[in-house]
Amino acid sequence: MPKTQTEKAIAYLNDGFMCSEAVIAPYAEEFGLSKDVVLKISSGFAGGMAQALTCGAVSGAFMVIGLRHGAGVSKDQGSRNFCFQLVKEFSQRFEKRRGTIECRKILGMNDINPDNPEDMNRLRTTGICEGVVRDASDILEELLFENKVEGK
């Protein structure tokens, strides 16, 4: 039985990739991109942009939405507006599940230093990131299915 994009994202996370990388990587082939390029592009968004800001799983989802529905030319305001609409819709759905899109708040990082690898490894073992990646990937799959446009 074929894996869903969410199952693939969890597999990437369990292989040691970060949240942003795990969410976008399953879509690489669909957009004719190498996994290596997609993983490198998304790396800077992990860990809330390495500052516990916007959740990396959310950023990964935004990148996929942009790949599917974003503007490919500068004057394509219609695509840009539609992309922004989907990003806002994604954010609302994610916030409904997690209360926020901010990494620090989602993970309760009061005593965790994002610059400390030991803290980040400890955080990974809690399973919180897996749940966040699962939620982001599920919402992304739903949103993309609901807004399937021929040729995209």
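Which residues have the most contacts inside the largest nonpolar core? Select Ala57, Ile65, Phe90, Phe94, Val133 and Leu140: these have the most contacts inside that core, which has 41 residues. Keep in mind throughout that the model is predicted.

**The core and its helices**

Colour the helices that build the core. At least two core residues come from each of helix 1 (5-14), helix 2 (19-24), helix 3 (35-43), helix 5 (56-69), helix 6 (77-98), helix 7 (103-107) and helix 9 (128-146). Helix 9 gives the most, with 8 residues. As background, nonpolar side chains in soluble globular proteins tend to be buried together.

Now centre on alanine 57, one of the residues with the most contacts inside the core. Show what surrounds alanine 57, leaving aside its neighbours within four places in sequence: Cys19, Ser20, Val23, Val132, Val133 and Ala136 are in contact with alanine 57. Val133 in this list is also among the residues with the most contacts in the core.

**Valine 64**

Move along to valine 64, in helix 5. Is valine 64 buried or exposed? Valine 64 counts as buried, at 0% relative accessibility. Apart from neighbours within four places in sequence, the residues in contact with valine 64 are Val23, Ile24, Tyr27, Phe31, Leu140 and Leu144. For a distance across the fold, draw a line from the C-alpha of valine 64 to that of alanine 25: the two residues are 39 apart in sequence and 9.3 Å apart in space.

**Two stops in helix 1**

Next select glutamine 5, which is in helix 1. With 15% relative accessibility, glutamine 5 counts as buried because the cut-off for that class is under 20%. Proline 26 is 21 residues away along the chain, yet the C-alpha atoms of glutamine 5 and proline 26 are separated by 5.8 Å. Pro26 is also in contact with glutamine 5, as are Tyr27, Glu30 and Glu141; neighbours within four places in sequence are left aside here.

Alanine 11 is in helix 1 too. Alanine 11 is partly exposed, with a relative accessible area of 28%. Its C-alpha lies 7.8 Å from the C-alpha of alanine 22, with the two residues 11 apart in sequence.

**Helix 4 and its positive phi values**

Go to helix 4 (residues 46-52) and pick methionine 49. What is the phi of methionine 49 near? Phi is near 60° there, a positive value in a residue other than glycine. Most residues other than glycine have a negative phi. Methionine 49 is partly exposed, at a relative accessible area of 30%.

Stay in helix 4 for alanine 52. Alanine 52 also has a positive phi, near 60°. Unlike a partly exposed residue, alanine 52 is buried, with a relative accessible area of 1%.

**The cysteines**

Show the cysteine sulfurs. How many disulfides does the structure hold? The structure holds 0 disulfides. Start at cysteine 103, whose closest cysteine sulfur is in cysteine 55, at 5.9 Å. That is too far for a bond, because a disulfide needs the two sulfurs within 2.5 Å. Cysteine 103 is buried, with a relative accessible area of 7%.

For cysteine 83, the closest cysteine sulfur is again in cysteine 55, but at 18 Å, which is too far for a bond. Cysteine 83 counts as buried at 10% relative accessibility.

**The largest pocket**

Now turn on a pocket or cavity display. The largest pocket has a volume of about 180 Å³. Which lining residues lie nearest its centre? Select Met18, Cys19, Leu107, Met120 and Cys129, which lie nearest the centre among the 14 lining residues. Helix 7, helix 8 (117-125) and helix 9 each supply at least two residues of the lining. By class, the lining has 11 nonpolar, 2 polar and 1 charged residues. Cys19 links this stop to an earlier one, being in contact with alanine 57.

**Past helix 9**

Finish at asparagine 147, in the segment after helix 9. Asparagine 147 counts as buried, at 17% relative accessibility. Show His69, Phe82 and Leu86, which are in contact with asparagine 147 when its neighbours within four places in sequence are left aside.

Notes: Residues numbered from 1 in each chain as written. Predicted model: local features only at pLDDT ≥ 70, side-chain atom pairs only at ≥ 80, totals over all residues. Heavy atoms only, no water. Buried < 20%, exposed > 50% of the residue type's maximum accessible area, 1.4 Å probe, protein only. Core = buried A, V, L, I, M, F, W, Y, C linked by side-chain atoms within 4.5 Å. Helix = DSSP H or I, 4+ residues; strand = E, 2+ residues; numbered from the N terminus. Contact = heavy atoms within 4.5 Å. 1 Å grid on protein atoms, 1.4 Å probe; cavity = no way out; pocket = protein on both sides within 12 Å on 5 of 7 lines; lining within 4 Å. Points joined across faces, edges and corners; volume = space filled by probe spheres on them. Nonpolar A, V, L, I, M, F, W, Y, C, P; charged D, E, K, R; others polar.
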